[in-house]
Amino acid sequence: MTIILNNTGNPITREERIKINENWDRIIAGLTSIQFQINVLAGGEEVDEILRRIAEATQNAIDAVRDAETATQKANKATAESLEATTNSKQATFDAIKARQDAEKATADAIAKIEEVNNLIIVTEGLNAESQTKIEEMDGRIAKVDDKLAITDIKLTKVDDALSEMDSTIQTANQTIENANNVISEGKKVIDESVKTTSNAQLLIDESKSVGEFVLSKQYKKNNTVLNNGSTWIALQDTQNNPLPVLPIKENTYWRLVAQRGIDGTGSVVTVNGQSPDIDGNVELVIDNVEVLDDLSSTSTTSAISANKAKELNDRLTVVENMPDASTTKKGLMTTSQVEKLNNIESGANYVEVLNDLNSTSTTSAVSANKAKELHDQVSNLNDKTTLTNANLTTLEANVKAHSDDSINHIRSAVDTGTANAKVITLTPAPLAYQDLMGITFKNAVQNTGAVTINVNALGAKTIVKSNGTALSSGFLKANSIYTVRYNATTGNFILQGEGGSGNAQPSDVRTGKTFTNDDGEKTGTLVAYGVGEMIKARDLVNRDYIQTDQHRPLADGAFVNSEVVTINGVEYAFSYSGKRESSYMTCVETLTGTILWTRNVAYQWQGRIVVYDSKLYIGYYDNNGVIGTGCGLEVMNALTGASLKITKMPTEGGKQLYDVSDICFNSELKEVLAIGNSSGYHFYLYRFNLDGVVIGNSTNLYSQVQNESENPVFIQAKNSFVYVASTKCVYCFNNVWSFYGKTTVFDSRTILGLALNTKDGVTYIERTGYINVLGTFLTVLASKVSVVSSLPSGLVIKGDLLGYATPTDLFTYRITADGLGVAFLTRQPIINGIGDYGDSISKCMGMSENALVAPIYGGKEFPPIFSKTLKVIR
């Protein structure tokens with residue numbers, strides 16, 4: 001049997017490996033056929049040996065195939081490395097050849113220059129002989145001139161000396177004149193001061209005069225003197241309607257006391273017994289201390305008797321009061337002592353004068369019985385009015401106890417000591433029984449979980465119900481809250497007082513966060529509703545991140561490819577414009593309400609991105625018909641009204657006409673606006689403006705510095721002293737005085753569709769194929785080919801850590817990672833009439849904030865839609 005195998009080559013390619021596998025299949029098939037034939041033809045012991053050898057040969061063949069596959073893999077790897085080395089070698093050879101060619105060209109150029117120098121040397125040597133004669137002749141003439149110059153120097157020295165002496169004389173004269181002027185000036189000052197002093201003295205004399213009695217409404221001059229109640233006052237300044245001080249105050253802001261009126265006109269008195277006179281000069285004396293005498297015989301009208309003498313007098317009066325009435329038997333009702341005193345009186349001894357006067361101060365007389373009785377009646381009357389009998393006190397105590405025990409008109413209170421649904425109350429004093437209308441206030445210990453009972457002083461548990469008779473629901477009685485109940489003897493339960501309203505309203509019927517009560521007690525509303533001025537989240541209304549806030553407004557035709565979202569004075573606004581060669585339309589809309597703040601239409605073309613700073617809006621323009629001056633420039637507008645504030649035309653070298661302001665940007669660190677101006681024939685210029693729109697710097701044509709990439713830049717960004725511009729092929733870096741720093745790799749045209757400042761002090765650009773690239777300062781590549789969801793993305797915008805862009809069908813937002821080198825997807829908002837890839841109509845900036853997006857549109861029949869995460873309710 002013959003097995004036909006494929007021929008294989010070296011090195012082993014994929015096709016060769018396929019051939020080897022086919023060969024192996026053929027070997028296996030052949031061996032199987034041979035084994036079958038042997039089994040048929042041979043029947044002896046040698047068959048097993050043949051089979052063993054065949055199996056061994058088969059295993060060897062398998063091992064050989066595996067070795068071949070391993071060799072194939074190694075050969076393929078070596079081939080790949082060889083190919084890579086060959087490619088590198090070819091590139092190195094190409095570079096070496098180019099370097100050699102450059103070196104040969106440089107050598108040829110150097111040889112040519114050397115030959116030119118040699119020719120010049122030959123010519124120069126021919127001229128040297130002729131020149132030597134002329135040089136010698138010139139040296140003689142120079143010697144003569146030197147002699148004349150020496151003589152002139154001597155004469156000039158004499159002139160200098162004379163001039164120096166003259167200068168000294170002039171300086172001395174000037175000093176003398178200056179001294180004289182100083183003396184004259186000092187004399188004038190003395191004269192002026194004398195005149196001023198004389199004038200002031202005369203003014204003081206004129207004003208320092210008495211103008212009569214003081215009148216409040218009269219106009220007084222400084223130093224005028226006036227009279228008031230005999231006192232003299234002087235004005236401290238011009239014054240009118242300002243009162244005099246009230247003595248003893250002697251001065252205020254306007255008046256000072258000159259002479260104070262004396263007592264009775266006899267002279268000025270300072271004090272009398274330490275008391276100053278009043279405004280009329282009178283002194284009111286008050287007796288502060290009264291002399292106390294221990295003598296009942298004193299006749300002083302300004303002193304008082306002591307308490308001791310007053311008691312002695314009272315004791316005497318008591319004795320008199322105890323004397324028997326004159327109508328009774330003289331001695332029958334008297335004590336022994338009294339009888340003895342009466343006998344002494346009758347015998348003429350110790351005679352006492354009886355006075356019918358309670359005002360007497362006599363220490364040897366006695367008051368009459370009549371006056372004593374009068375005094376006794378007054379004391380008794382006073383006792384009757386101030387004394388409460390025991391009966392009155394008993395009645396009062398009974399009334400107080402009855403009021404305290406009254407649980408109907410007097411609500412008693414206690415702290416609950418029971419459980420959640422079984423309240424226990426203990427009152428002191430304890431009520432004897434439940435009474436109709438009995439009221440109790442208690443502090444609840446535990447929130448209830450169902451129907452509730454109350455047991456007062458172990459009188460028996462009674463159910464607590466609402467005023468409509470229904471049981472309390474779970475959670476109705478809050479822990480540590482205070483409640484009042486009253487007993488209804490008819491129904492045999494306690495009625496909860498003031499438990500709130502009733503009704504069938506449910507939480508879904510009441511606004512979110514608002515509380516109300518229904519039959520189940522206090523509830524909190526869950527209804528989503530909004531009042532005027534309140535904010536609504538889009539997610540609360542629709543199941544998406546954004547909702548369009550501006551209404552559909554038809555337009556004949558529009559390309560609103562550039563927009564911006566900015567907050568001014570706490571209000572967020574969206575700006576966008578449609579720009580054509582002879583007609584542009586701009587609109588400003590409040591994002592939260594869709595309310596149009598202003599619109600403006602002009603007969604020239606607005607260009608570039610919109611820049612808003614503070615309350616000013618900046619925009620590039622091109623005027624083809626001379627409406628504001630043919631050419632290109634920057635317009636400054638009031639961002640809140642749309643009114644034009646300033647229009648500045650861009651200057652160019654040689655008066656070259658600009659036809660396009662391809663983009664503008666804002667340098668927030670330097671507070672400047674920058675712009676790109678393009679002209680025909682690959683010319684472009686960079687401009688710097690201050691915040692008033694005045695040009696403060698511009699470059700010459702920079703196209704040659706970017707090494708002629710056959711495309712003018714269409715994007716610009718700036719930060720600090722770095723200025724970044726980009727075409728759709730390449731990004732370039734300048735400083736703010738236009739020195740060229742470098743550029744990125746050059747791509748195919750229409751590759752770069754957006755440029756924005758990033759968080760790494762550089763710029764990020766986006767490619768049409770859906771990649772973003774992060775560059776640092778000097779265009780250092782920090783991250784490349786970071787994939788995002790898109791096709792034909794433009795309008796790249798970065799604000800903080802938020803990144804956004806637009807495609808023909810959607811608006812995308814991403815969150816930039818903490819390291820600034822990656823992004824995480826946030827939102828995707830579908831749109832209609834997106835800008836796509838429409839020639840020069842690349843969006844420079846999509847309006848974006850954390851809250852809102854403005855969709856760039858091209859060729860639509862409406863204003864650009866504004867999408868907001870939050871809405872504001874208006875009426």
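Select Phe740. This residue counts as partly exposed, at 26% relative accessibility. Keep in mind that you are looking at a predicted model.

**Stop 1: the Phe pair**

Add Phe734 to the selection. Phe734 is buried, with a relative accessible area of 0%. Buried means under 20%, so Phe734 falls in that class and Phe740, at 26%, does not. Now look at the two rings. The centres of Phe734 and Phe740 lie 5.3 Å apart, and their planes make 55 degrees, so this pair is tilted.

**Stop 2: the Tyr pair**

The structure as a whole contains 21 aromatic pairs. For another of them, select Tyr604 and Tyr621. How far apart are the ring centres of Tyr604 and Tyr621? They are 6.0 Å apart, and the planes stand at 70 degrees, so the pair is edge-to-face. Tyr604 sits in the loop between β24 and β25 (605–613). Tyr621 belongs to strand β26 (residues 616–623). The two are 17 residues apart, and the pair links distant parts of the chain. Are these residues buried or exposed? Tyr604 counts as buried at 3% relative accessibility. Tyr621 is buried too, with a relative accessible area of 1%.

Extend the selection to Tyr577 and Trp606. Ring pairs link these two with Tyr604 and Tyr621 into a cluster.

**Stop 3: the sheet from β21 to β24**

Switch to cartoon view. Four strands make an open sheet here, in the order β21-β22-β23-β24, and the pairing is antiparallel. Which strands stand at the edges? They are β21 (562–568) and β24 (596–602). Each has a single partner strand, so one side of each is left without a neighbour in the sheet. From one strand to the next, the twist averages 15 degrees.

Zoom in on β21 and β22 (residues 571–580). Seven bridges join these antiparallel strands. Pick out Val565, which stands opposite Ala574 in β22.

**Stop 4: the second largest cavity**

Stay with β22. This strand gives three residues to the lining of the second largest cavity, the most of any element. β22 and β23 (583–590) are the elements that give two or more. The cavity holds about 50 Å³ of space. Its lining has 11 residues; select Ser576, Thr587, Val589, Pro864 and Ile866, which lie nearest the centre. By class, the lining has seven nonpolar, two polar and two charged residues.

**Stop 5: the sheet from β41 to β44**

Move along the chain to another open sheet. Its four strands run in the order β41-β42-β43-β44, with antiparallel pairing. At the edges stand β41 (794–799) and β44 (823–830). Each has a single partner strand, so one side of each lacks a neighbour in the sheet. Neighbouring strands are turned by 15 degrees against each other on average, direction ignored.

Select strand β43 (residues 810–816) with β44. They run antiparallel and are joined by seven bridges. Show Phe812, then look across to Arg828 in β44, which stands opposite.

**Stop 6: the largest cavity**

How many cavities of 30 Å³ or more does the whole structure have? The search finds two. The largest holds about 70 Å³ of space. To see its walls, select Asn758, Thr759, Thr764, Ile772, Val774, Ile798, Leu803, Ile816, Gly820, Leu821, Gly822 and Val823. Colour them by class: seven are nonpolar, five are polar and none is charged.

Technical notes: Residues are numbered from 1 along each chain as its sequence is written. This is a predicted model: local features need pLDDT of at least 70, side-chain atom pairs count only at pLDDT 80 or more; totals for chains, interfaces and linings use all residues. Side-chain values use heavy atoms; hydrogens and water are left out. Two strands pair if DSSP finds at least two bridges between them. Axes are lines fitted to C-alpha atoms, for helices over the stretch in contact, and angles run from 0 to 180 degrees between N-to-C directions. Rings of Phe, Tyr and Trp (its six-membered ring) pair if their centres lie within 6.5 Å; planes under 30 degrees apart count as stacked, over 60 as edge-to-face and the rest as tilted. Buried means under 20% relative accessible area, exposed over 50%, partly exposed in between (1.4 Å probe, protein chains only). On a 1 Å grid over the protein atoms alone, a cavity is a set of points where a 1.4 Å probe fits but cannot get out, and a pocket is an open set with protein on both sides within 12 Å along at least five of seven lines; lining residues have an atom within 4 Å of a point. Grid points are joined across faces, edges and corners, and a volume is the space filled by probe spheres set on the points. Ala, Val, Leu, Ile, Met, Phe, Trp, Tyr, Cys and Pro count as nonpolar, Asp, Glu, Lys and Arg as charged, and the others, Gly among them, as polar.
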